[in-house]
Amino acid sequence: MCGILVVDDDKDMCRMISSILKEEGYGVDKAYDEAQAIKKIKTKSYNLIILDYKLPNTDGINVLKEVRWIKPSPKVIMISAYGGPSIKSMAKKLGVYRFLDKPFDLNRLMKTVKGALAKKQGEVDRSSKETILR
């Protein structure tokens, strides 16, 4: 079973995403802020992190930098209603697999999750024509 961490201060959104992922058979943990997320990442290995950009007292980019320092291997899908071009560019430079704008279609989220978890080092992601490196 793949371990997924969902990080979003919107508790309803976090619970909804977690519930859908659990229905698909994934092991899921939730975090509502940076401190909870970092604590969980330090104590458990995750294959995927779904990370909201807008968090209390910080943003997803800062959390992502800390995550990469602690454990560089998990794939990250960033979600946000505030994803301007400069934020998306910064996220891409930090190795974000995909950036999904809120509100997003849940089928698209699931397709993105499945794609992220299926990728292996050096495999070409046909949907974006980019080489995915782990």
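Biologist: Which residues of α2 meet α3 in this model, and which residues of α3 do they meet?

Modeller: The model is predicted. On the α2 side, the contact is made by Glu34, Ile38, Ile41 and Lys42. Their partners in α3 are Val63, Glu66, Val67 and Ile70.

Biologist: How do the residues of the contact of α2 with α3 divide into nonpolar, polar and charged?

Modeller: No polar residue takes part in the contact of α2 with α3. The charged residues there number three, and the nonpolar ones five.

Biologist: Are α2 and α3 roughly parallel or roughly antiparallel to each other?

Modeller: Helix α2 covers residues 34-43 and helix α3 residues 60-70, and their axes are 10 Å apart. The packing angle is about 15 degrees. Angles under 35 degrees count as roughly parallel. The two helices, α2 and α3, are therefore roughly parallel.

Biologist: What is the handedness of the crossing of α1 and α5?

Modeller: Helix α1 (residues 11-23) packs on helix α5 (residues 106-118) at an angle of about 60 degrees, with 11 Å between the axes. That makes α1 oblique to α5. The crossing of α1 and α5 is right-handed.

Biologist: Which residues make the contact of α1 with α5, and how many of them are nonpolar?

Modeller: From α1 come Met16, Ile17, Ile20 and Leu21, and from α5 come Leu106, Leu109, Met110 and Val113. No polar and no charged residues are found in the contact of α1 with α5. The nonpolar count is eight.

Biologist: How many aromatic pairs does a search of the whole structure find?

Modeller: Rings pair if their centres lie within 6.5 Å. Over the whole structure, the number of aromatic pairs is zero.

Biologist: Which residue has its charged end over the ring of Tyr32, and which lies over the face of Tyr82?

Modeller: For Tyr32, the charged end lies 5.0 Å from the ring centre and belongs to Lys11. For Tyr82, the distance to the ring centre is 5.0 Å, and the residue over the face is Lys54.

Biologist: Where is the cis peptide bond that involves Pro103?

Modeller: Pro103 is in the loop between β7 (98-101) and α5. The cis bond has an omega of about -10 degrees and joins Lys102 and Pro103.

Biologist: Which residue has a positive phi although it is not a glycine?

Modeller: The loop between β4 (54-55) and β5 (58-59) contains this residue. Its phi is about 70 degrees, and the residue is Asn57.

Technical notes. Residues numbered from 1 in each chain as written. Predicted model: local features only at pLDDT ≥ 70, side-chain atom pairs only at ≥ 80, totals over all residues. Heavy atoms only, no water. Axes fitted to C-alpha atoms, helices over the stretch in contact; angles between N-to-C directions. Helix = DSSP H or I, 4+ residues; strand = E, 2+ residues; numbered from the N terminus. Parallel < 35°, antiparallel > 145°, perpendicular 65-115°, else oblique. Contact = heavy atoms within 4.5 Å. Nonpolar A, V, L, I, M, F, W, Y, C, P; charged D, E, K, R; others polar. Phe/Tyr/Trp six-rings, centres within 6.5 Å; stacked < 30°, edge-to-face > 60°. Lys NZ or Arg CZ within 6 Å of the ring centre and 35° of its normal. Left-handed = near helix turned anticlockwise from the far one by under 90°.
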